[in-house]
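Here's a quick look at a protein with a ligand in it. Grab your viewer and follow along.

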Amino acid sequence: MKREIKKVLIANRGEIAVRIIRACQEMGIGTVAIYSDADRTSPHVLMADQAYRIGPAPSRESYLVTEKILEIATLSGADAIHPGYGFLSENASFASRVLEAGIEFIGPRPESIHTMGDKTEARKVVSAAGVPTVPGTADAVSDEKLVRDFAREFGYPILIKAAAGGGGKGMRVVSSESQLAAAFAGAQSEALSAFGDGRVYVEKYLERPRHIEFQILADKYGNTIHLGERECSIQRRHQKVVEETPSVIVDDDLRSRMGRMAVAAARACKYENAGTIECLVDKDRNFYFLEMNTRLQVEHPVTEMRTGIDIVHQQLRIAMGERLAFAQGDVQFRGHAIECRIYAEDPFNNFLPSTGTITHLKPSQGFGIREDRGVEQGGEISVYYDPMISKLVAHAQTRDDAILKLKRALHEYEILGVRVNIPFNLFVLDHPCFRSGEFDTHFVATHFRPELLRQASESDNTAAALVTAMLEDGRVHSTSTSNHNQNNSVSINGVGSKWKTRRLDYLR
Ligand code: ADP
């Protein structure tokens with residue numbers, strides 16, 4: 001079953017394409033990049049051994065066109081395709097087409113993608129393996145009466161979810177019977193337009209859960225292990241922003257119970273390669289399977305930092321038919337790792353994406369800091385793709401030290417030309433509830449108000465990042481706080497003002 005991989009086509013862009021190219025280079029494997037017209041000079045294109053134009057900027061005409069990707073794979077002589085995350089990474093028919101073309105797909109078998117991509121099917125398969133799921137209907141429901149019956153039995157609130165769901169689409173919380181009819185119709189039509197599949201099912205809506213997920217590695221010979229948990233409860237609009245490992249609520253006992261559950265869930269669909277079992281955990285530490293992501297996750301670096309295991313190397317080795325070189329007991333967990341996603345978005349204005357050219361970029365460095373990024377100074381943040389600029393990860397011996405390190409790195413980060421969420425990230429890291437570990441998936445909705453950022457800007461802690469976010473082409477924007485004067489320079493008093501002055505020098 002061993003199969004050599006000499007050249008990998010990366011069917012993706014941005015930071016994850018760069019991440020995968022690096023892993024291939026480290027293993028002596030050739031790389032082929034694909035790029036849309038918007039990405040002609042992007043880092044992933046410049047780093048790969050070969051690069052091919054795939055089409056115009058919109059992903060429907062470029063990164064999502066299976067035919068073109070397969071054509072380029074054949075033309076370039078690639079013997080494997082890594083799909084990254086997003087785009088075609090969880091598309092079972094893409095994986096099948098790749099295999100049919102005689103090319104290795106770096107990921108699970110199409111059957112596993114198919115099973116886990118249908119939430120009702122996934123729930124059935126893992127339940128049969130003894131994995132607890134959130135109470136819900138076994139099948140999709142097309143009759144409103146069945147939804148009402150479920151709510152009567154389990155009580156409100158309930159959550160109507162798209163069977164083919166992803167990205168929080170087709171999801172509706174229903175708190176009372178009067179909201180049910182509209183929510184049911186709304187979820188169905190949103191699911192139909194987002195996924196071309198209007199099937200919905202119902203779950204009990206867990207109040208104030210935590211989102212905790214387990215990283216899985218499985219080879220082609222049935223060896224399946226986990227690399228511990230990631231705490232991903234800090235989300236805005238159901239999308240993760242700050243992730244860490246370990247979770248403050250997971251002790252050794254819970255980790256081994258959840259880990260066994262995650263391995264059982266992966267085995268239930270005969271999983272191969274790297275994947276993630278997502279769970280909700282309630283206040284009594286009961287855990288429930290939510291879904292499986294059958295691909296590499298954005299937040300995989302925190303696990304790598306804590307275990308020292310390069311997950312992309314492992315993906316490539318597994319795809320080549322190698323056996324996992326270590327067993328569950330060999331995995332060592334060291335220290336604490338936290339990741340902040342740096343997005344081009346405006347935390348003062350409902351996280352509205354911010355597009356434009358990055359006119360200045362000087363990322364943070366130093367002991368224990370890792371940055372994964374797919375764009376350079378002069379690069380463009382366009383409307384076509386996800387506005388994530390970078391992932392900044394800190395690894396230290398303790399959680400407190402990792403927080404301090406990440407805060408330092410966020411302060412050090414210099415970026416101009418687009419608005420960034422750095423002030424928001426600092427807000428999270430500084431919040432007493434984050435510090436104490438008492439938070440859940442409602443953290444942002446409960447605690448975050450843009451006004452608080454403005455107030456915080458007056459304290460020394462977040463001022464630096466705030467200045468970075470508010471200055472564009474050397475000008476102070478109107479969202480600025482009272483601490484700027486008339487000639488477009490910013491004066492902030494207090495300790496640490498030296499580097500702020502330094503930072504502002506180049507703006508004059
Ligand atoms: P998607 O695949 O659309 O991202 P998920 O099932 O992964 O949807 O859920 C995304 C987020 O929605 C979770 O992290 C959690 O915050 C919330 N969520 C999903 N199901 C429930 C539930 N039954 N109870 C409470 N919150 C939920």
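What follows covers the ligand site, then how far the coordinates can be trusted.

First off, this is a predicted model. Its mean pLDDT is 90, with 89% of the protein's residues at 70 or more.

**Around the ligand**

The ligand has 21 residues surrounding it, and K119, G168, E203, H211 and E291 are the closest. Sorted by class, that shell is made up of eight nonpolar, seven polar and six charged residues.

Where does the shell come from? Domain 2 (135–204) and domain 3 (210–446) each contribute at least three residues to it. As for strands, at least two shell residues come from each of β6 (158–162), β8 (200–204), β12 (273–281) and β13 (287–293).

Now for some polar contacts made by oxygen atoms of the ligand:

| Residue | Part of the residue | Distance to a ligand oxygen |
|---|---|---|
| G168 | backbone N or O atom | 2.6 Å |
| H211 | side-chain N or O atom | 2.8 Å |
| G166 | polar backbone atom | 3.4 Å |

How much of the ligand does the protein cover? On its own, the ligand has 550 Å² of accessible area, and 95% of that is covered by the protein. G168 and H211 from the table also turn up among the closest residues.

**Where to be careful**

Residues 460–508 are another story: pLDDT stays under 50 along this stretch. The model still gives the stretch 92 contacts beyond four places in sequence. Predicted coordinates shouldn't be read in detail where pLDDT is low, so take those contacts with a pinch of salt.

Note on methods. Residues numbered from 1 in each chain as written. Predicted model: local features only at pLDDT ≥ 70, side-chain atom pairs only at ≥ 80, totals over all residues. Heavy atoms only, no water. Near = heavy atom within 4 Å. Polar contact = N/O pair within 3.5 Å; in protein donor to acceptor, adjacent residues only side chain to side chain. Areas by Shrake-Rupley, 256 points an atom, 1.4 Å probe, with all protein chains shown as cover. Helix = DSSP H or I, 4+ residues; strand = E, 2+ residues; numbered from the N terminus. Nonpolar A, V, L, I, M, F, W, Y, C, P; charged D, E, K, R; others polar. Domains from an automatic or database assignment. pLDDT = per-residue confidence, 0-100. Contact = heavy atoms within 4.5 Å.
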